[in-house]
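Hi,

Here is the structure we talked about. Please have a look at it before reading my notes below.

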Amino acid sequence: MEFKKRILVTGGAGFIGSHMVRLLVNTYSDYLVINFDKLTYAGNLENLKDIENKSNYVFFQGDVSSEKDVNEVFKTHQISDVIHLAAESHVDRSIESPMEFVQTNVLGTVNLLQHAKNFWEDKGKHVFHHVSTDEVYGSLGNTGLFTEKTPYDPRSPYSSSKASSDHFVMAFYHTYGLSIKMSNCSNNYGSHHFPEKLIPLMIHNICNNKDLPVYGKGDNIRDWLWVEDHARAINEIFHHGRVGQSYNVGGLNEWTNLDLVEYLCDLMDKKLNRNIGASRKLIRFVKDRAGHDQRYAIDASKLKEELNWSPSVTFEEGLEKTVDWYLNNEEWINQVTSGDYQKYYSKHYNNR
Ligand code: NAD
Ligand code: DAU
């Protein structure tokens, strides 16, 4: 079959990437979606079991920072567009081992940009969409929102590596005329989220009656968005966003970590038929994250006004769907928490 587009989705076996791949495969039968993923601890092909046999989906195992792998996938599949999500994504791990973040997030992005630039003759016909984060803007005080004009001020090794990759993406637009688009999103939550991040970790630990480690006083604020709404936003920007522009993505949904954990505890108590208040007893205040950003909050009005995007669910609805998914997918949880997971996390939390 002659496909209209042949989209390379990097990091498609991860949390957001798998939702992106599913959306594209199910919506556009005339696109070939090539999921390019190294399958690190965070990548899992189980995430895509429901679409793996579709005729417009292909998996290619490779490393974004490998010239050989990227060259091979561009040539084999005649890539027409890129949606780049592959990254080392966890702030705590970046504090422990920053070099892996430089390798994948910085060098990997530049390697992809180089191949796209060299492979695409008529640059106006192809889109390179870079998926980034609000963390590049740094940390907010009690008021204000991040806009696309907020100066970059990354604080962690993770956010510094993402900020660096964003600058390279923009440099390839200005210098070589690559048709880039970029999105900077707030914290995502939803199904298939690896249980090292706050929400899935808390759900997993509540289920198992394990401690719920809250960093510092639990007063840091995050702005949460349902992952499927993020995937919808990327789809809109990829198809209809302006070339050379970045778009902030977020749902005006700020929570302190402690309020969120307590809300989850009560929701889980109901779902698990426990006495309300039982799970809150598992909360433990532990040593704070080094350089912990105080508050993130996104102004997504550009995306709303230009592309008519808005979130499709409230946080309460999205969180309930998420909790239900975890409760109904014990096998997935068992699979991703086998191997090194227990060892890594006992060490991580024993040090706090
Ligand atoms: P994730 O850690 O769940 O998934 C990352 C995926 O990338 C995994 O499948 C992994 O195997 C793959 N990968 C890692 N290194 C690779 C390499 N060298 N080559 C090829 N594949 C590699 O991450 P996520 O939370 O789904 O985030 C996806 C993207 O979205 C990242 O770029 C992240 O910075 C960005 N982002 C995430 C959030 C969030 O809340 N999770 C918010 C905004 C932006
Ligand atoms: O804002 C977007 C970013 O959101 C993405 O770019 C990152 O890839 C993603 O990991 C996420 O980063 P955070 O550091 O905000 O997410 P995390 O789930 O790790 O932590 C959320 C908040 O909860 C943060 O303030 C730290 C706190 N926390 C986290 C963990 C894992 C705890 O209090 N206890 C925990 O055990």
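**Ligand 2 and its surroundings**

The shell around ligand 2 has 24 residues, and those that come nearest are Thr-133, Asp-134, Tyr-158, Arg-289 and His-292. Bear in mind that this is a predicted model.

Now the polar contacts. The side chain of His-292 places an N or O atom 2.7 Å from an oxygen atom of ligand 2. For the side chain of Asn-187, the distance from an N or O atom to a ligand oxygen is 2.8 Å. Pro-213 uses its backbone instead: an N or O atom there lies 2.8 Å from a nitrogen atom of ligand 2. Alone, ligand 2 exposes 680 Å², and the protein buries 94% of that.

Two elements give two or more residues to the shell: α6 (198-207) and β8 (212-215). Of these, β8 gives the most, with three residues. By class, the shell has 10 nonpolar, eight polar and six charged residues.

**The two domains**

The chain is divided into domain 1 (5-188 + 224-249) and domain 2 (193-222 + 255-291 + 314-339). Their centres, taken over C-alpha atoms, are 27 Å apart. Domain 1 brings 15 residues to the contact and domain 2 brings 19.

Together the domains bury about 1,500 Å² between them, with 57% of it on carbon and sulfur atoms. On the domain 1 side, His-90, Trp-224 and Trp-226 lose the most area to domain 2, together 39% of what that side buries.

Why does ligand 2 lie between the domains? Both domain 1 and domain 2 give residues to its shell, so ligand 2 lies between them.

Best wishes

Note on methods: Residues numbered from 1 in each chain as written. Chains lettered and ligands numbered in written order. Predicted model: local features only at pLDDT ≥ 70, side-chain atom pairs only at ≥ 80, totals over all residues. Heavy atoms only, no water. Near = heavy atom within 4 Å. Polar contact = N/O pair within 3.5 Å; in protein donor to acceptor, adjacent residues only side chain to side chain. Areas by Shrake-Rupley, 256 points an atom, 1.4 Å probe, with all protein chains shown as cover. Helix = DSSP H or I, 4+ residues; strand = E, 2+ residues; numbered from the N terminus. Nonpolar A, V, L, I, M, F, W, Y, C, P; charged D, E, K, R; others polar. Domains from an automatic or database assignment. Contact = heavy atoms within 4.5 Å. Buried area = accessible area lost by both parts, 1.4 Å probe.
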